[in-house]
Amino acid sequence: MQKVHLISLGCNKNLVDSEIMLGRLKNYSITDDVNSADVIIVNTCGFIESAKQESIQTILEVAESKKQDATLVVTGCLMQRYKEELIKELPEVDLFTGVGDYDKIDEILLKKTNLFSPDTYLQSTEDRVITGSNYHAYIKISEGCNQRCSFCAIPTFKGKLKSRNLEDIIDEVKKLVQKGFYDFSFLSQDSSSFLKDKSTNDGLIKLIDAIEKIDGVKSARILYLYPSTTSNELISKIISSNVFHNYFDMPIQHISDNMLKTMRRGSGEKRLRELLDIMRKAPNSFLRTGIIIGHPGETNEDFDTLCEFLSEFSFDRVSAFAYSKEEDTKAYEMEQVPTKIVSQRLSKIEKIIDKTISKSLDSMIDKEYIVTLDGVSSEGEMFFGAKLDIWDKDIDGEVLINESDISDLQVGKRYICKITQRADKKLLGTILKEV
């Protein structure tokens, strides 16, 4: 049996596409060793400059280390966005494909030909190989985006919103439950617009209703809510759910009305504060957001407003990104904020974020939570690593288990854990009993 090695870069939406490809390559064995692989697939990210650089560097490194007769395939967003340039500039690569043909990767390898279908691939009922967990899976609910944010080029290469059929999503979750998965994260470019392309408002409410009826789903959350398409009714539905956590992932990008208008976000400061306040007041809520620093037009006053807001509002996690100048976006032609100023602002905001996250972690000490055991921790074999039930996989943190009242802990099982202390951005905990 030939071996395949797959590298998935960028977001977890890309990861789902990578798992679709692995599902199509069942005649291959999956290997973590790039040097022994017969086929190497790099699923690239082309969202911002740093991600593009990482993708190119990874491709070149793989091309350098692969064995002589191995086939190197490059796919994904970067390839779709810059296909003409990359095909010319990367003779090291054997096969190229974009974002429309993840389900045809076996055909691409068999025929040894490049393939670029005009439409973005939309998952229906294809099986995939879940990687990295025996209990958690990401479920993609749509592709593309109808928003026109000034800084984002995604609609230019992913196209307009296309929602999966709700029945297909339900079928996928049921099949995964039968395989032992019980924890799910639902995601897309704009999750709160789910089914709007099918003339259905608040499609997420219908999704929540459907998922709650599936026996075996113990834990779920929704990622990537968009402010202007998130309704109060949707938030209320999440809060009242017995399956979906009060996990609110909504990248606000900024809080200054001037910048929100410049960024073409569709919601002003007043509406953002209203949404965030409702979320924050929900029992056991967890709030994650993202912001952009140094977008064209950002004044000192705008930045100070953002700093003040982040200092006063208790987010649990905040991701800050320096503005990336991207072709085919509204902001590309705007007057740019000097790089030195952007770096200074980013440094200041990161200190505020550090305090915010530390405060969130400190608030958990001496409290009990449901966690799932992931295996050996990122700190090594001295600890088990665990994920809080409410947290998303890999991005929200890790609990280091240094004591347990149970002798035979098992990976993938849920336990009651008491958080005992914080060590920088990690929590330490003691397992008390099995759920």
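1. Start with S55, which counts as buried at 0% relative accessibility. The model is a predicted one, so read what follows as a description of that model. S55 sits in helix α2, residues 49-65. Leaving out residues up to four places away in sequence, S55 touches L9, T44, C45 and L78. If you're scrolling through the structure, those four contacts are the ones to display around S55.

2. Next, the overall layout. The protein is split into domain 1 (3-111), domain 2 (136-363) and domain 3 (367-434). Between domain 1 and domain 3, the C-alpha centres are 33 Å apart.

3. Y138 is worth a look. Strand β6 (residues 136-140) holds Y138, and the residue is buried, with a relative accessible area of 5%; the cut-off for buried is under 20%. What does Y138 touch, once residues up to four places away in sequence are set aside? The list is N12, L15, V16, R128, S185, L187, L223, D392 and K393. S185 also comes up by C-alpha distance: Y138 and S185 are 47 residues apart in sequence, yet 4.8 Å apart in space.

4. On to helix α8, residues 203-212. Of its 10 residues, 7 are buried, so α8 is largely enclosed by the rest of the structure. Which residues of α8 are the buried ones? They are G203, L204, I205, L207, I208, A210 and I211. These buried residues pack against α7 (166-178), β9 (183-187), β10 (219-222), α9 and β11 (244-249). Two of those neighbours, α7 and α9, get their own points below.

5. Take α7 against α8. Their axes come within 10 Å and cross at roughly 30°, and the crossing is right-handed. On the α7 side the contact uses L166, I169, I170 and V173, which meet K206, L207, A210 and I211 of α8. By class, that contact has 7 nonpolar residues, no polar ones and 1 charged. L207, A210 and I211 appear here and are also among the buried residues of α8.

6. Now α8 against α9 (residues 232-240). The two helices pack at an angle of about 15°, with axes 9 Å apart. That makes α8 roughly parallel to α9, since angles under 35 degrees count that way. The crossing is left-handed. From α8 the contact takes L204, I205, I208, D209 and E212, and from α9 it takes E233, L234, K237 and I238. The class count is 5 nonpolar, no polar and 4 charged residues. L204, I205 and I208 show up in this contact and in the buried set of α8 as well.

7. Helix α9 also meets α11 (269-281). Here the axes come within 10 Å and cross at roughly 15°. That makes α9 roughly parallel to α11. This crossing is right-handed. In α9 the residues involved are N232, I235 and I239, and in α11 they are R271, E274, L275, I278 and M279. They divide into 5 nonpolar, 1 polar and 2 charged.

8. Last, two backbone spots to check by eye. Most residues other than glycine have a negative phi. Q253 has a positive phi of about 70° although it isn't a glycine. Q253 lies in the loop between β11 and α10 (257-262). Is Q253 buried or exposed? Q253 is buried, with a relative accessible area of 12%.

9. R264 is the other spot: its phi is positive too, about 60°, and R264 is not a glycine either. R264 is in the loop between α10 and α11. At 42% relative accessibility, R264 counts as partly exposed, because that class runs between the 20% limit for buried and the 50% limit for exposed. So for these two loop residues, Q253 counts as buried and R264 as partly exposed.

Notes
Residues are numbered from 1 along each chain as its sequence is written. This is a predicted model: local features need pLDDT of at least 70, side-chain atom pairs count only at pLDDT 80 or more; totals for chains, interfaces and linings use all residues. Side-chain values use heavy atoms; hydrogens and water are left out. Axes are lines fitted to C-alpha atoms, for helices over the stretch in contact, and angles run from 0 to 180 degrees between N-to-C directions. Helices (H or I, at least four residues) and strands (E, at least two) are DSSP runs, numbered from the N terminus. Angles under 35 degrees count as roughly parallel, over 145 as roughly antiparallel, 65 to 115 as roughly perpendicular and the rest as oblique. A crossing is left-handed if the near helix is turned anticlockwise from the far one by less than a right angle, and right-handed if clockwise. Contact means heavy atoms within 4.5 Å. Ala, Val, Leu, Ile, Met, Phe, Trp, Tyr, Cys and Pro count as nonpolar, Asp, Glu, Lys and Arg as charged, and the others, Gly among them, as polar. Buried means under 20% relative accessible area, exposed over 50%, partly exposed in between (1.4 Å probe, protein chains only). Domain bounds come from an automatic or database domain assignment.
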